[in-house]
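Please look over the structure shown here, and then follow the paragraphs below, which go through it one part at a time.

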Amino acid sequence: MTLQMVPYMLTFLLLVAGLYAIVAKRNLVKVIVGILILDYAANLLLVLTGYRTPPAGQAPVAPILTGGAAQAQELAATAVDPIPQALVLTSIVIGLSVAALVVALAVRLYEKYGTFDTELMRNLKG
Amino acid sequence: MPLLVAIPLAGGFLMPLVARLTGARRSAAALPILLAAGLLALAVWLLLAAREPIVYWVGGWTFPVGISLVADGLSRLMVVVVAVISLVALVFSVDYMARFTSPGLYYTLFLLMLAGMNGVVLSGDLFNIFVFLEVAGIASYALVAFGTESDELEAGFKYLVLGTIASTFILVGIALVYNVTGHLNWAKVGEAITAAGGPTLPIYVAAAFFLMGFGLKAAMVPFHAWLPDAHPSAPAPISAMLSGVLIKASGVYVLARLVFSVFDGDAGLGWVLVVLGTLSMVLGGLMAIGQGDFKRLLAYSSISQVGYVVLAFGAAAVMRARGMEQAAVGLAVFGGLFHLVNHAVSKSLLFLCSGSVEYATGTRQLDRLGGLGGRMPVTAACLRVGALSISGVPPLGGFWSKLIIIIALAYMAVRGHWAFYIPTALAVATAAVTLVYYAKVQRFVLDGEPSETVLRAREVPFGMRAATLVLAVLCFATALLVVPAIRDRVVTPATEIVLGGAEAGRGGRTITVERKPAPPPAQAAADAPAQTIRLQDGTRQGETP
Amino acid sequence: MQGMSLIVKNITRVVAGFIILFGAYIVLYGHVTPGGGFAGGVILAGGLALVVLAFGEEFARNVLTHDVARLADSMGALLFLLVAVLGFMGGVFFTNFLPLGDVGALLSAGTIPIANLGIGIKVGAGLFGVFLALAAFRRATSGGSAAHGRLP
């Protein structure tokens, strides 16, 4: 296992942590936090796949065009892969809407039961 | 073709305006029904217009920067099924949803879900499938919780949590695939995998994530926990949509695409699908017997019937990898697709009927119903037709599709691998089990002495009756799909796409369409096996030199 | 929510305009600088949420209501879709049909600024609507009916 693999491994650790929170925690809010951790672990993995090593002697840069059209060639050679970044942006937006919905549901559930504890609700087990 | 996605999306965003203008509850449904009818017309036209796969590059950008929409045989079949069921469910909604507030919100979510499903079946690349999956998913989470009683909220929450886990797994799988192959367009992904000499370890890890993710979406047995809560809690038309098409569009369809077009019918994945399908089929059926709640029973039945479809696809993948004759493989795939259509129609019908029963009596508990046959003749007749079709009684569609699956499995057991005797026997046994629990439904709901609640029941309004009647007629009509002439027009293109694996998928998915022109319809029936062999040869060349 | 103290109200009065202006800038310059519809929309929603938090619910009920947010939300999405459908003028869904202009100029990049504007309105209104809806739940808890649900 090379040093380059370390971020990937850490990302998977994050993924497992999120899953653990969803499965093991009884508190709805903690379950929601677990969902968000899981979501961001996947985003992190996706954005990591965009990292590519540019030609020798140059550092990878963000794919943002600052110097006008003339600079485009140079940018294309050194920039990290922009596709995963676009994907992650989309995925974050989706994560946001899921988060909004799940929080709304949790608030409604709190209204009904007066608690966030899943054990005290009837259907939700695990 | 992008209109198939854009129309429901635009409708969804116009709904708040319409709801404000009309004010009255019922007229708000006019726009979505009109749009769904338009979609149906468009989808049928697409199905009948051409046999060649159509690739549409959004914005005119082609590979590698463009986003493509693809309509091949399989997508067209799915689009038509989605359009039919959603139109009927919308007609049913007009009267059913009159008991709920905020009809504008309901139709908005419904149309968004429809847009998402059309997007899933038409997308040509993995990430857009994920995006549309989430569009459909988020709308359906909200719809499950629409009643805002504690049961609905809990079911919605559970559905949301498991659905989000599924989506995240799918995203992880996409990230892995992109990392290894550098492509998202799945024709290109399949090409890259074949070029690398078959799947490598990271690809198998990605496949495992995909299996878990789409398995959750399709509610196969180890991942089924959310479905029996979510489907009964939703309003009846939504249950019909969820059980009828959503689990197929977002689970089974994508799984079939992945296994055949991307992983090129890998035998290992095929075996996993066979095992999962058999488990779902048997356990779903057994659990359905014990249910006392009408809609919950139907939900477990969905798990069981989707198990049949997955089993058929898995068996086809295994058969293909082991080099069985194309006729047998084609039969299994055809059986799977056919059962998918049948189940969509009959399960939607049953859920709508359960909605009618609940509308009239106010309860879903089987032991509090009874004797409805006399009080609600139309609904009762439709309920009987749906139950008979799904449990496989001869003249109806469900019989033919189950028969075809079982024949294909038996053939595989005799000629191929001994292990297939087990799913074959279980498929037959489950058919009997299905008959048992639907007999129970009929016995408790329709026959016997009318109970207290039933005596006050009256036949439901016209819109709801019309919707169930249309689906009941369709239950008979799907049986026509075994007639060769109709089958070749409707289902065979889809079968070919599945069978052709990576090769045919690629032909349809790159800019240059390389597929040979289809034989004229008259010859097609005789030619079907020969043609699939030709496709098959093309695939084999890439694999085993 | 009654609104917050005098200090908060006064500072909000000064700052809110700038926040919303900055959001609008991010939206409108989205095609030439980092940012764009989504980021700008989030900033817009943040500015509006600050106003509502500072001045209390009365203000929200009179001026920035949930209905306005929902309407703007739909309008933004429809604007975006309109741009996409007008692409048929160029032959294909989503095609650019406006002159491209020079790289770096404000009026450039064809339909992208309009699409950004649509996204900005949609995201700003959508997020603000979410904020209002979650704030409304608190009201519902302390007596008052839910936003929607089964009729009795």
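In this predicted model, helix α15 of chain B passes helix α19 of the same chain in a left-handed crossing. Helix α15(B) covers residues 377-390 and helix α19(B) covers residues 462-477, and the two pack with their axes 9 Å apart and at an angle of about 30 degrees. Because angles under 35 degrees count as roughly parallel, α15(B) is described as roughly parallel to α19(B). On the side of α15(B), the contact involves B:V378, B:C382, B:V385, B:G386 and B:S389, which meet B:R465, B:T468, B:L469, B:A472, B:C475 and B:F476 of α19(B). Sorted by class, the residues of this contact are seven nonpolar, three polar and one charged.

One residue of that contact, B:C382, leads to the matter of cysteine pairing. Searching the whole structure gives zero disulfides over all chains. For B:C382, the nearest cysteine sulfur is that of B:C353, at 5.3 Å, and B:C382 is in no disulfide. Since a disulfide requires a pair of cysteine sulfur atoms within 2.5 Å, the 5.3 Å between the sulfurs of B:C353 and B:C382 leaves B:C353 in no disulfide. Both cysteines can also be described by their accessibility: B:C382 is buried, with a relative accessible area of 2%, and B:C353 likewise counts as buried, at 0% relative accessibility.

A second pair of helices lies earlier in the chain. Helix α3 of chain B, residues 73-96, and helix α4 of chain B, residues 103-122, have axes that come within 9 Å and cross at roughly 170 degrees. Because an angle over 145 degrees counts as roughly antiparallel, α3(B) is roughly antiparallel to α4(B). The residues that α3(B) brings to this contact include B:V79, B:V82, B:A89, B:L90 and B:V94, while those of α4(B) include B:Y106, B:Y107, B:F110, B:L114 and B:M117. In terms of class, the contact of α3(B) with α4(B) has 13 nonpolar, four polar and no charged residues.

Two of the α3(B) residues just named, B:L90 and B:V94, are also in contact with B:I33, which, leaving aside its neighbours within four places in sequence, touches B:L87 and B:V91 as well. B:I33 itself lies in helix α2 of chain B, residues 30-49, and counts as partly exposed, at 22% relative accessibility. From B:I33 to B:L111 the separation is 78 residues in sequence, and 10.0 Å in space from C-alpha to C-alpha.

Elsewhere in chain B, B:S401 has its place in helix α16, residues 397-416, and is buried, with a relative accessible area of 0%. Beyond its neighbours within four places in sequence, B:S401 is in contact with B:G335, B:F338, B:H339 and B:N342. In helix α7 of chain B, residues 186-195, the buried residues are B:W186, B:A187, B:K188, B:V189, B:G190 and B:I193, and after α7(B) comes B:G197, whose phi is positive, near 80 degrees.

Chain B as a whole can now be considered. It has 22 helices and two strands, and of its 545 residues, buried ones make up 66%. Among the contacts in chain B between residues at least 6 apart in sequence, 81% join residues at least 24 apart.

Notes. Residues numbered from 1 in each chain as written. Chains lettered and ligands numbered in written order. Predicted model: local features only at pLDDT ≥ 70, side-chain atom pairs only at ≥ 80, totals over all residues. Heavy atoms only, no water. Buried < 20%, exposed > 50% of the residue type's maximum accessible area, 1.4 Å probe, protein only. Axes fitted to C-alpha atoms, helices over the stretch in contact; angles between N-to-C directions. Helix = DSSP H or I, 4+ residues; strand = E, 2+ residues; numbered from the N terminus. Parallel < 35°, antiparallel > 145°, perpendicular 65-115°, else oblique. Left-handed = near helix turned anticlockwise from the far one by under 90°. Contact = heavy atoms within 4.5 Å. Nonpolar A, V, L, I, M, F, W, Y, C, P; charged D, E, K, R; others polar.
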